[in-house]
Amino acid sequence: MEAVLFYASSAVAILGSLMVILLSKPTRALLSLILAMTAITVLYLLLNAHFVAIAQIIVYAGAVLVLFLFVIMLQGTAAVEIPLLKRFPPLTSAAGILAVLIFLSLFIRAAVRSPEFKMIGAPGDVKSLGLTLFSGYLLPFQLTSILLLLSVFAAVALAKKEDA
Amino acid sequence: MIPLSHYLIVSGILFSIGLAGLLLRRNLLLVLLSVEIMLNAANLNFIAGSAAHSDTGGQVIAFFVMVVAAAEVTIGLAIAVLLFRKQSSVDTRDISFLKG
């Protein structure tokens, strides 16, 4: 059962991500990214990270990608992507794909050699996550709050009209 | 029980797909979407490591990655909207104001 879920949702995640980079209509690419993220959420659930999985659905699929959807909709018909083969000179595209394949082969070689662990899973409920977050990771937590505040300032400063 | 290396390979494939999208896309919004795929692949890696070592820290780091992604999306989309308002195109080839 676990294996079936793992391989099925991995396949959906990989196919969805492939669609994101291959489809030429931005809205469709975005919707397939939502599909891929939902599949990744299943992997989180298999790894016993329940709260992260729910946060992934609410924060990513719910908020971030809907924000993307709004911006894509704002651009309307102008947001069409050039077809894949006309986007860059063929040699440039081939060089990019070659670089990615080299990276992937190096990564997989390292991953296969990784030592075997018993995947017992860490506790993923809200209580243990909160205890870890507010005891061992208090300074990074405060820093992320400053980061969020600064990004709000930056977004307001960027969105404001020049002459205002 | 799924071994750790399977999770690592899936996250490596997802990261490579995101990297390919980053290199092969010309629409600025879709480049940002590819960055989201890469961040998610990193998150999957963190959570797999958390399960392997039975340490909740990996899941906490995944939360930090989500926060950074939200901040990055806010600013990236604001820049994309500005660019679209200025030159009614989000093609990365058209962004050449800083070219000497």
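These legends go with four close-up views of a predicted two-chain model.

Residues are numbered from 1 along each chain as written, with chains lettered from A and ligands numbered from 1 in order of writing. Because the model is predicted, local features need pLDDT of at least 70 and side-chain atom pairs pLDDT 80 or more, while totals for chains, interfaces and linings use all residues; side-chain values rest on heavy atoms, without hydrogens or water.

**View 1. Where chain A meets chain B.** Here 84 residues of chain A touch 73 residues of chain B, contact meaning heavy atoms within 4.5 Å. Together the two chains bury about 7,000 Å², with 78% of that on carbon and sulfur atoms; buried area is the accessible area (1.4 Å probe) that two parts lose on being put together, summed over both. As for salt bridges (a side-chain nitrogen of Lys or Arg within 4 Å of a carboxyl oxygen of Asp or Glu), the rule finds 0 across this interface.

**View 2. The largest cavity, lined by both chains.** On a 1 Å grid over the protein atoms alone, a cavity is a set of points where a 1.4 Å probe fits but cannot get out, and lining residues have an atom within 4 Å of a point. The count is 1 cavity of 30 Å³ or more, and the largest holds about 30 Å³, volume being the space filled by probe spheres set on grid points joined across faces, edges and corners. Helix H2(A) chips in the most lining, 4 residues; helices are DSSP runs (H or I, at least four residues), numbered from the N terminus. The lining splits into 6 nonpolar, 2 polar and no charged residues, where Ala, Val, Leu, Ile, Met, Phe, Trp, Tyr, Cys and Pro count as nonpolar, Asp, Glu, Lys and Arg as charged, and the others, Gly among them, as polar.

**View 3. Ser17(A), one of the cavity-lining residues.** Ser17(A) sits in helix H1 (residues 2–22) of chain A. Its relative accessible area is 2%, so Ser17(A) is buried (under 20%, with a 1.4 Å probe and protein chains only). Beyond neighbours within four places in sequence, Ser17(A) contacts Ala36(A), Leu14(B), Ile17(B) and Ile37(B).

**View 4. The largest pocket, about 310 Å³.** A pocket is an open set of points with protein on both sides within 12 Å along at least five of seven lines. Of its 17 lining residues, Ile21(A), Ser93(A), Ile97(A), Ala20(B) and Leu24(B) lie nearest the centre. H5(A) gives the most to this lining, with 6 residues. The pocket lining comes out as 15 nonpolar, 2 polar and no charged residues.

Conventions: Helices (H or I, at least four residues) and strands (E, at least two) are DSSP runs, numbered from the N terminus. Buried means under 20% relative accessible area, exposed over 50%, partly exposed in between (1.4 Å probe, protein chains only).
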